[in-house]
Amino acid sequence: MPSVTDPLALLGKAAAGLNLQSLPAEAVQRGKQRVLDTLGCLVAGYNVGISESIRSYVTAAGGSPEATLLPGGQKTTVALAGLAHATYIHGLELSDAAPRGTCHPGNEIVPVALAMAERQGRGGDAIIAAVVAGYEVEIRFCRTSFPSAIYIV
């Protein structure tokens, strides 16, 4: 069991405890903007690059009907929906970036937050809190993993 001073345990506990009411208004607004921007990238990237190949793979793989494959409406697992949606989002390389964290959090965070919320029957409040927590964790990991790549803007 991780110690109380284990940084990963502390970060995980803080992220898991987030809810919409505990977030500053600016974080909620930015979370909403990230979801909308990322969904726009998903739609724009639907027919680009390897998206058709990923869509064929996901459709053939099937799996438990946990999450909706956008924009077609087929059902698949959370993991496969996340894979397909992340591929679409990255297709045009227009997704958001966290230059001080050397990563593109929207590619990973938003599709999984949406798919998990669907599977668990959660709404917008839970999605926004999960997105904010996901961004916070991913950016911190990226900053720690690649400190020489961080530049101040």
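## A tour from helix H4 outwards

Select H4, residues 78–90. This helix has 13 residues and spans 18 Å from its first C-alpha to its last, close to the 18 Å expected at 1.5 Å a residue. The model you are looking at is predicted.

Now colour H4 by burial. Val-78, Leu-80, Ala-81, Gly-82, Ala-84, His-85, Thr-87, Tyr-88 and Ile-89 are buried. What covers them? Show H2, H3, strand S1 (67–69), strand S2 (74–76) and H5: the cover includes these elements.

**The aromatic pair.** Stay on Tyr-88 and add Tyr-46. The model has 1 aromatic pair. The ring centres of Tyr-46 and Tyr-88 are 5.3 Å apart and the planes meet at 75°, so the pair is edge-to-face; the angle cut-off for that class is over 60 degrees. Tyr-46 sits in the loop between helix H2 (25–44) and helix H3 (51–61), while Tyr-88 belongs to H4, so the pair ties together parts 42 residues apart in sequence. Are these two tyrosines buried or exposed? Both Tyr-46 and Tyr-88 are buried.

Add Arg-55. Its charged end sits over the ring of Tyr-46, 3.8 Å from the ring centre.

**The cores.** Next, select Leu-23, Val-35, Ile-128, Val-131 and Tyr-135. These have the most contacts inside the largest nonpolar core, a set of 18 residues. Which elements give two or more residues to this core? They are H2, helix H5 (105–120) and helix H6 (124–145). H6 gives the most, with 8 residues.

Zoom in on Leu-23. Setting aside neighbours within four places in sequence, Leu-23 is in contact with Leu-18, Val-28, Ala-129 and Val-132. Then move to the second core, which is separate and has 10 residues. Among them are Ile-54, Leu-69, Tyr-88 and Ile-89. Tyr-88 is thus back in view.

**A long-range approach.** Select Gln-21, in the loop between helix H1 (7–16) and H2. Gln-21 counts as exposed, at 63% relative accessibility. Measure from its C-alpha to that of Ala-129: the two residues are 8.9 Å apart in space and 108 residues apart in sequence.

**The cysteines.** Show the sulfur atoms. How many disulfides are there? The count is 0. Start with Cys-41. Its closest cysteine sulfur, in Cys-103, is 15 Å away, too far for a bond. Cys-41 is buried, with a relative accessible area of 8%.

Go on to Cys-103. The nearest cysteine sulfur to this one is that of Cys-142, 3.4 Å away, and Cys-103 is in no disulfide. Why not? The cut-off is 2.5 Å between sulfur atoms, so the 3.4 Å between Cys-103 and Cys-142 does not qualify. Cys-103 also counts as buried, at 8% relative accessibility.

**Backbone stops.** Finish with two places on the main chain. Most residues other than glycine have a negative phi, and most peptide bonds are trans.

First, select Leu-70 and Pro-71. The peptide bond from Leu-70 to Pro-71 is cis, with omega near -10°. Pro-71 lies in the loop between S1 and S2.

Then select Glu-93. Its phi is positive, about 55°, although Glu-93 is not a glycine. Where is it? Glu-93 lies in the loop between H4 and H5. It is exposed, with a relative accessible area of 62%.

Key. Residues numbered from 1 in each chain as written. Predicted model: local features only at pLDDT ≥ 70, side-chain atom pairs only at ≥ 80, totals over all residues. Heavy atoms only, no water. Phe/Tyr/Trp six-rings, centres within 6.5 Å; stacked < 30°, edge-to-face > 60°. Helix = DSSP H or I, 4+ residues; strand = E, 2+ residues; numbered from the N terminus. Buried < 20%, exposed > 50% of the residue type's maximum accessible area, 1.4 Å probe, protein only. Lys NZ or Arg CZ within 6 Å of the ring centre and 35° of its normal. Core = buried A, V, L, I, M, F, W, Y, C linked by side-chain atoms within 4.5 Å. Contact = heavy atoms within 4.5 Å. Expected span 1.5 Å × (residues − 1).
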